[in-house]
There are 2 protein chains.
Amino acid sequence: MARIVQKFGGTSVGSIERIRHVAGRVKAEVDRGNEVAVVVSAMAGETDRLVGLCQSMAPFHDAREFDSIVSTGEQVSTGLLAMALQDMGVPARSWLGWQIPVETDEVHGRARIVAIAPDELRRRLADGEVAVVAGFQGLTPRNRIATLGRGGSDTSAVALAAALAADRCDIYTDVDGVYTADPRIVRAARKLAKVTYEEMLEMASLGAKVLQTRSVELAMKQRVRVQVLSSFSGAPGTYVVDEDEIVEQEIVSGIAYSRDEAKITVLEVPDRPGIAAAVFGPLADHEINVDMIVQNVSEDGRATDMTFTVTRGDLDRAVGLLEDRRSALGFRALVPDADVVKVSVIGVGMRSHAGVAKRMFSALSENGINIQVISTSEIKISVLVAEKYLELAVRALHTAYGLDADG
Amino acid sequence: MARIVQKFGGTSVGSIERIRHVAGRVKAEVDRGNEVAVVVSAMAGETDRLVGLCQSMAPFHDAREFDSIVSTGEQVSTGLLAMALQDMGVPARSWLGWQIPVETDEVHGRARIVAIAPDELRRRLADGEVAVVAGFQGLTPRNRIATLGRGGSDTSAVALAAALAADRCDIYTDVDGVYTADPRIVRAARKLAKVTYEEMLEMASLGAKVLQTRSVELAMKQRVRVQVLSSFSGAPGTYVVDEDEIVEQEIVSGIAYSRDEAKITVLEVPDRPGIAAAVFGPLADHEINVDMIVQNVSEDGRATDMTFTVTRGDLDRAVGLLEDRRSALGFRALVPDADVVKVSVIGVGMRSHAGVAKRMFSALSENGINIQVISTSEIKISVLVAEKYLELAVRALHTAYGLDADG
């Protein structure tokens with residue numbers, strides 16, 4: 001007997017038929033003698049519809065009202081899944097964030113889970129009742145509904161698994177696991193049986209859309225065993241686990257990429273103390289995240305060029321903010337460039353292996369790909385390249401690190 | 001300064017534009033210096049959509065899950081109205097049933113309100129904040145959402161007005177008041193300035209769809225001054241008030257009708273004690289309401305004919321239940337007839353006036369309308385007639401009781 005948390009995303013519960021299919025997956029775990037709690041997202045398209053209603057009512061609306069409205073998506077899907085389970089003879093009931101409660105902070109729209117009261121749920125799970133829990137939502141100290149932000153249902157599932165001390169948290173998605181690279185780009189990509197929390201975290205933040213970054217952070221912190229698998233195929237997926245569980249660690253586990261990158265070069269900015277703060281301060285104040293940063297060593301000690309990246313959606317705003325401050329900052333010109341992508345190699349094995357970066361640079365160079373910006377961490381190396389090289393770069397690196405599947 | 005509860009139905013909040021229009025009506029009351037709580041229904045069509053989802057998931061579904069799903073309609077409309085008010089500079093927030101809480105019993109799908117905690121709402125109203133309250137929903141002692149049944153938002157509004165000791169409960173609908181008869185049938189129908197609770201109750205239960213019966217019962221019991229008015233016209237509506245408030249009481253206030261009637265005649269049923277219970281017991285067990293009943297005096301003391309009415313939707317089921325028991329009941333035959341309507345004259349003035357029934361029977365007779373069944377109460381007389389006479393009967397009675405507008 002195991003205690004399992006399952007999570008199904010919006011596509012998996014996108015219609016009455018699909019919700020029935022999900023109920024079948026839940027029932028299969030119940031029939032194996034397991035205790036099951038299920039976290040569901042809103043039916044595909046429903047959250048967008050509700051967000052659209054809010055935006056047409058008022059572009060600048062109260063985040064508390066927004067949360068109350070948008071959380072109805074999960075309220076509907078949990079009720080329908082509970083009905084589907086009951087219809088199959090499986091005892092089940094739905095749980096909304098405020099009913100458990102899932103306690104959050106008051107940052108409406110992107111709240112963090114503070115605590116989940118586990119006692120009542122554990123008692124009912126032990127009685128053989130499936131708990132169908134609304135993802136993405138919780139209750140603030142002021143008794144109002146808060147949502148966790150897009151993709152928050154993954155975080156709900158991991159937090160629930162931690163609170164229930166579940167043996168496993170199965171995240172069902174439209175892919176059947178974590179691959180060494182995007183299979184749409186690299187035909188020789190392989191599904192990984194296991195990946196470490198750290199690697200998954202880098203993959204999530206570097207563009208692999210399998211799991212929400214926050215959910216991986218939480219899983220790592222709470223040591224929740226997560227499995228990513230497909231709600232359609234039924235095949236075993238990828239386990240996201242502690243490093244200790246992986247006996248033979250590859251040097252590089254996967255190649256990730258992100259198209260959501262844009263580069264800004266600030267030409268001839270005065271090379272004086274505090275200039276970085278002066279450039280990046282206004283961006284931070286407007287919640288624009290700056291990712292990769294390169295500053296050239298200035299030749300004469302007076303002016304230098306700075307290059308950094310932001311998401312494409314933030315590019316125009318970032319340029320505008322800096323142009324507004326041109327005279328104060330004293331730079332000569334800005335060169336924006338949205339025609340770039342970020343390609344990353346990731347692996348905890350890098351820590352103990354030399355030459356990983358060299359192999360990356362060689363592989364790219366051999367394919368005539370110019371590296372514009374580099375950034376590294378303990379377990380990843382990212383480079384910025386022109387967008388046209390995306391597929392070529394990912395494939396070349398996949399081969400260079402020996403990740404291609406046999407045959 | 002007055003404290004006012006306003007209620008807007010689904011048509012009034014059927015689109016973003018209409019919700020803005022409602023916000024304007026609310027703001028007008030606020031600008032007059034009044035404290036305002038607003039009860040809203042789901043956007044028109046939304047409840048049907050949600051009910052449809054439940055029915056396609058499982059024809060026999062858990063009423064608790066149904067309530068959790070269907071209550072989201074009001075959760076969305078309250079949030080949107082609060083946003084619209086805020087956008088106009090009016091402080092406002094939405095309140096869901098569980099947040100206030102609106103305490104109900106556990107009869108999911110048609111729950112009754114037990115209590116509404118007024119303190120927090122009253123404090124905020126006094127601070128100038130508009131309370132936008134989700135109609136149709138409450139919280140059971142087991143911490144689950146319960147809905148009040150179709151049209152329950154009227155009841156929510158009246159109960160809230162009672163709990164807040166409001167000066168008035170304005171029910172905005174798609175008609176601009178209560179008329180002496182359906183204006184679509186009687187061109188000379190007049191809008192009533194005032195109508196008594198008792199009359200409104202009879203009108204509601206006799207087919208006038210202006211207010212839900214339960215809401216009128218509650219208003220009468222709690223002495224809540226209700227005004228029925230149009231959310232589109234802005235004209236004063238009809239007040240539903242205590243009899244004392246109406247100085248010059250007409251004998252008859254209005255003519256109501258219902259097409260949702262069907263007649264069953266049981267031929268030659270043994271005239272023995274307990275036969276009525278034997279006939280009507282099985283119907284009651286299956287929640288079929290029997291309305292008008294006539295039993296002929298038997299000539300020989302052995303067999304008699306019984307006639308009674310049910311709603312058209314229950315006709316086939318009622319006939320089936322009785323046919324199943326034909327040998328036990330010992331009747332000769334059943335004659336079902338769905339081609340009937342009920343026409344009623346209503347007025348508290350009847351209590352103190354003789355000859356009201358005689359005038360009704362004369363007017364119908366003069367127009368060649370045969371009366372099939374009669375039933376009376378202290379303040380109404382109802383007759384069953386063939387459906388083809390509906391308009392003629394209503395118009396004839398409207399004229400006979402002097403209700404036609406001048407000119």
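1. Secondary structure first: in this predicted model, chain A is built from 13 helices and 18 strands.

2. On overall dimensions, the C-alpha atoms of chain A fit a box of roughly 75 × 55 × 30 Å along the principal axes. The radius of gyration of chain A is 23 Å, which agrees with the value near 22 Å that a compact globule of 407 residues would have.

3. Now for the interior. Of the 407 residues in chain A, 49% are buried. Counting contacts in chain A with a separation of 6 or more, 75% join residues 24 or more positions apart.

4. One residue to look at is A:D291, which sits in the loop that runs between α9 (275–285) and β14 (293–295) of chain A. Is A:D291 buried or partly exposed? A:D291 has 19 C-beta neighbours inside 10 Å, and a residue needs 20 or more to be buried, so A:D291 counts as partly exposed. As for its distance from A:V13, the two are 278 residues apart in sequence, and their C-alpha atoms lie 35 Å apart in space.

5. Last, a pairing between the chains that you may enjoy viewing. Helix α4 (residues 72–87) of chain A packs with helix α4 (residues 72–87) of chain B, at an angle of about 180 degrees and with the axes 10 Å apart. The two helices are therefore roughly antiparallel. From α4(A), the residues A:T72, A:Q75 and A:V76 meet B:T72, B:Q75 and B:V76 of α4(B). By type, the residues of this contact comprise two nonpolar, four polar and no charged.

Key. Residues numbered from 1 in each chain as written. Chains lettered and ligands numbered in written order. Predicted model: local features only at pLDDT ≥ 70, side-chain atom pairs only at ≥ 80, totals over all residues. Helix = DSSP H or I, 4+ residues; strand = E, 2+ residues; numbered from the N terminus. Rg over C-alpha atoms; globule rule 2.2 N^0.38 Å. Buried ≥ 20, exposed ≤ 12 C-beta atoms within 10 Å, placed from the backbone. Contact = placed C-beta atoms within 7 Å. Axes fitted to C-alpha atoms, helices over the stretch in contact; angles between N-to-C directions. Parallel < 35°, antiparallel > 145°, perpendicular 65-115°, else oblique. Nonpolar A, V, L, I, M, F, W, Y, C, P; charged D, E, K, R; others polar.
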